[in-house]
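Q: I am new to this structure and should like to learn how to read its features. Could we go through them in order?

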Amino acid sequence: MAEKTNAMRKLDSMKIKYKEHYYADTGAVSGVEIARVLNEDPARVFKTLVTVGKSGAHYVFMIPVAEELDTKKAAAAVGEKSVEMVKSKELLPLTGYIHGGCSPIGMKKFFRTTVHSSALDFEDIFFSGGKIGFQIELSPQKLAQVIKFEYADIIRR
């Protein structure tokens with residue numbers, strides 16, 4: 001693949017090996033559809049969600065694509081009274097990424113990040129490569145070499 005995203009360039013600059021996956025011409029839109037196109041378990045494919053807390057601070061949460069963020073658990077995980085999703089129009093100026101192509105790697109500014117604890121169940125997980133149509137496959141341990149994050153149970157049950 002010739003095209004590189006900011007997230008891929010960051011991984012390359014740190015000499016961290018990863019696998020890139022391209023799905024743009026498939027019609028896949030939702031995370032579950034992307035998992036199907038990649039022939040992967042949706043539990044291994046994570047979406048990146050950007051939120052704002054009651055304090056005004058921003059937070060990133062990574063959860064499996066078939067799951068929903070539990071905003072109460074998410075707020076508790078970062079010590080906030082509440083968190084809510086950032087509006088789509090605010091995402092690009094805030095992170096440098098658009099809705100559907102938001103990667104936890106290479107944002108304009110680093111935000112405190114929490115990954116759902118189920119990521120520990122897999123050798124590698126998938127997440128946005130920083131552009132619609134691109135996914136990165138990487139172990140949670142290697143992801144931790146690139147960005148600082150914590151694990152927590154942050155999905156709705």
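A: Let us begin with a term: a helix here is a DSSP run of H or I covering at least four residues, numbered from the N terminus. Val78, for instance, lies in helix α3, which covers residues 71-78. Please keep in mind that this is a predicted model.

Q: Is Val78 buried or exposed?

A: Buried means under 20% relative accessible area. Val78 has a relative accessibility of 6% and therefore counts as buried. Leaving aside neighbours within four places in sequence, Val78 is in contact with Tyr59, Phe61, Val83, Arg112, Thr114 and Glu150. Of these contacts, Thr114 is 36 residues away from Val78 in sequence, yet the two C-alpha atoms are 8.1 Å apart in space.

Q: How should one read a residue with an intermediate accessibility, and where does Asn6 lie?

A: A value between the limits of 20% and 50% is called partly exposed. Asn6 lies in helix α1, and because its relative accessibility is 40%, Asn6 counts as partly exposed. Beyond four places in sequence, Asn6 touches Tyr97 and Gly106. The C-alpha atom of Asn6 is also 8.4 Å from that of Met107, although 101 residues separate the two along the chain.

Q: Which residues have the most contacts inside the largest nonpolar core?

A: The general idea is that, in soluble globular proteins, nonpolar side chains tend to be buried together. Here the largest nonpolar core has 29 residues, and those with the most contacts inside it are Leu11, Ile105, Ile125, Phe127, Ile136, Leu138 and Leu143. At least two residues of this core come from each of α1, β2, β3, β6, β7 and α5. Another core, of twelve residues, lies apart from it and has Leu49, Ala75, Val78 and Val83 among its members. To return to Phe127, its contacts beyond four places in sequence include Phe46, Met62, Pro104, Ile105 and Leu143.

Q: How does one read a strand such as β2, and with which strands does β2 pair?

A: Two strands pair if DSSP finds at least two bridges between them. β2 pairs with β3 (residues 58-64) in the antiparallel sense over seven bridges, and Thr48 stands opposite Met62 in β3. The two strands form a hairpin with four residues between them, and Gly56 in the turn has a positive phi of about 100°. β2 also pairs in the antiparallel sense with β4 (residues 83-85), over three bridges; there Gly53 stands opposite Val83. Seven of the eight residues of β2 are buried, so this strand is largely enclosed by the rest of the structure.

Q: Where do residues other than glycine have a positive phi?

A: Lys15 and Asn39 each have a phi near 60°. Lys15 is in the loop between α1 and β1 and is exposed, with a relative accessible area of 73%. Asn39 is in the loop between α2 and β2; at 70% relative accessibility, Asn39 counts as exposed.

Q: How is a pocket found, and which element gives the most to the lining of the largest pocket?

A: Rolling a probe the size of a water molecule over the atoms shows where empty space is left. The largest pocket holds about 500 Å³ of space. Its lining has 25 residues, and Lys47, Thr48, His99, Gly100 and Gly101 are the closest to the centre. β2 gives the most to this lining, with five residues, while α2, β2 and α4 each supply at least two. By class, the lining has 14 nonpolar, nine polar and two charged residues.

Key
Residues numbered from 1 in each chain as written. Predicted model: local features only at pLDDT ≥ 70, side-chain atom pairs only at ≥ 80, totals over all residues. Heavy atoms only, no water. 1 Å grid on protein atoms, 1.4 Å probe; cavity = no way out; pocket = protein on both sides within 12 Å on 5 of 7 lines; lining within 4 Å. Points joined across faces, edges and corners; volume = space filled by probe spheres on them. Nonpolar A, V, L, I, M, F, W, Y, C, P; charged D, E, K, R; others polar. Buried < 20%, exposed > 50% of the residue type's maximum accessible area, 1.4 Å probe, protein only. Core = buried A, V, L, I, M, F, W, Y, C linked by side-chain atoms within 4.5 Å. Contact = heavy atoms within 4.5 Å.
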